[in-house]
Structure formats: C-alpha cells, structure tokens
Amino acid sequence: PVPYYFESVINDIKNMTMELCTKKNLQLIFEIDANTPSKMLGDETRIKQILLNLLTNAVKYTKEGRVKLSVSCNAVREKVLLTCKVEDTGMGITKENMEKLFMPFERLDHIKNRNIEGTGLGLAITMQLLNSMDSELNVESEYGRGSTFSFTLEQNILDFTPIGSRNWLARQVENKSKFQTSFIAPDARILLVDDNT
C-alpha cells in the first residue's frame, strides 16, 4: 500500500481508454462520486490494472453504444468503501459461458469473437488481484444486451477533502482546443519518455 490521489488514477485510466473508444466510435462515460476522498492508502498500481482490464475488455466486446465507469463511495471514520462498476452495451454473456468466464486462456464465443485479440487472461488476473485485496468481481450480463462488472474495495483515507463534481471527459477536449504551437525547431532532437507505471 502507498499514498495515492484518486483523481490521478481516474485521469490515467481515462487517458488510456479514450482513444480505444474513439476508434470504435463508442461513448465513454465516467460517473465518479463527488464525495470520494482525494487521497487514500492502497495498491494504486493494482487498482489501475483492474479498472483498465475491465474497461479495455468492455471496449473490446462492444461494437456500438457506450462503456461506462461509475464509482460510488461510503466513508466510515478513516476508511472508505469504493464500489466500482464497468458497464457496456456489448454482446453480453450466455448463462453457459458464465462458468468459464474466469478460467485462464478461455475465450468465449470463438466464432463470433475470432477477430478479437487477447489471451483470455484478463479476467482471471483481475479476479486474482481482487482476491488478494479481500474483494471479488461480480458479473451481471444479458446476452445480446451487455454486461456489468463490479467490485468493492476498502481503502484507508489520508485526506478527507472530496474530489468534487466535474465532467471528467470534458477537460481533454477543452485542452485540445486550446493547444497552439509555441515554437518551431526543425533541427531539434527529442527524447520523449512516458511512464504510466
């Protein structure tokens, strides 16, 4: 466990998911409880990995419509219960396939999904990570209409200041429109390093 800012987690996930949704012309929705504490103690890297696995999976199996992340919180003294849900309007899962969902290397609906890349490890890893944090992954799905994956995590609160209400996706569009070239350097050599770990 390390101190981390929840807003930073959401922004990183947004930046890694937005382009995938744009390429497939899917609507991406983030609904984050405005009362969520701004700073917590927990495994920031694994929480990001779990949310990213669920979101990229949702995008992968959704041809049209939307992918939505919602986070609600319930704070009691110095601890908060974070409930995270990832919903999609994808193809959904049959009752028969629900049992195979968390089996390693298992791919559901081979014929329908033959063009979808992946190893079939994402949900198995996600379940193991959640189990190691005393949580579990819940699944609700209707075949042909979509799926909802959810989990609840307990985190220690380090700063009770709420993150507040905002449109999490508007800022990216707003920043793009404000961007202007400030200089031109045709002979420059640049090394760009991006570290999201």
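**View 1. The buried side of helix 4 in a predicted model.** Let's start with helix 4, which covers residues 122-132. Its buried residues are Leu123, Ala124, Thr126, Met127, Leu129 and Leu130. What do these buried residues pack against? Their partners are helix 2 (44-60) and strand 7 (146-162).

**View 2. Asp134, just after helix 4.** Follow the chain out of helix 4 and you come to Asp134. Have a look at the backbone here: Asp134 has a positive phi, at about 60 degrees.

**View 3. The whole protein, element by element.** Zooming out, you can count five helices and seven strands. Starting at the N terminus, they come in the order β-α-β-β-α-β-β-α-α-β-β-α. The protein has 197 residues, and 38% of them are buried. Now take the contacts with a separation of 6 or more: 73% of these join residues 24 or more positions apart. As for the outside, the accessible surface is about 12600 Å², and carbon and sulfur atoms supply 50% of that.

**View 4. Strand 5 and helix 5, the two ends of the confidence range.** How sure is the predictor? The average pLDDT is 85, with 83% of the residues at 70 or higher. Confidence peaks in strand 5 (residues 79-88), with a mean of 97, and bottoms out in helix 5 (residues 170-178), with a mean of 51. Over residues 171-175 the pLDDT even falls below 50, and this stretch has six contacts in the model beyond near neighbours in sequence. Where pLDDT is low, don't read the predicted coordinates in detail.

Note on methods:
Residues are numbered from 1 along each chain as its sequence is written. This is a predicted model: local features need pLDDT of at least 70, side-chain atom pairs count only at pLDDT 80 or more; totals for chains, interfaces and linings use all residues. Side-chain values use heavy atoms; hydrogens and water are left out. Buried means under 20% relative accessible area, exposed over 50%, partly exposed in between (1.4 Å probe, protein chains only). Helices (H or I, at least four residues) and strands (E, at least two) are DSSP runs, numbered from the N terminus. Contact means heavy atoms within 4.5 Å. Accessible areas come from the Shrake-Rupley method with a 1.4 Å probe; for residues, only the protein chains shown count as cover. pLDDT is the predictor's confidence in each residue, from 0 to 100.
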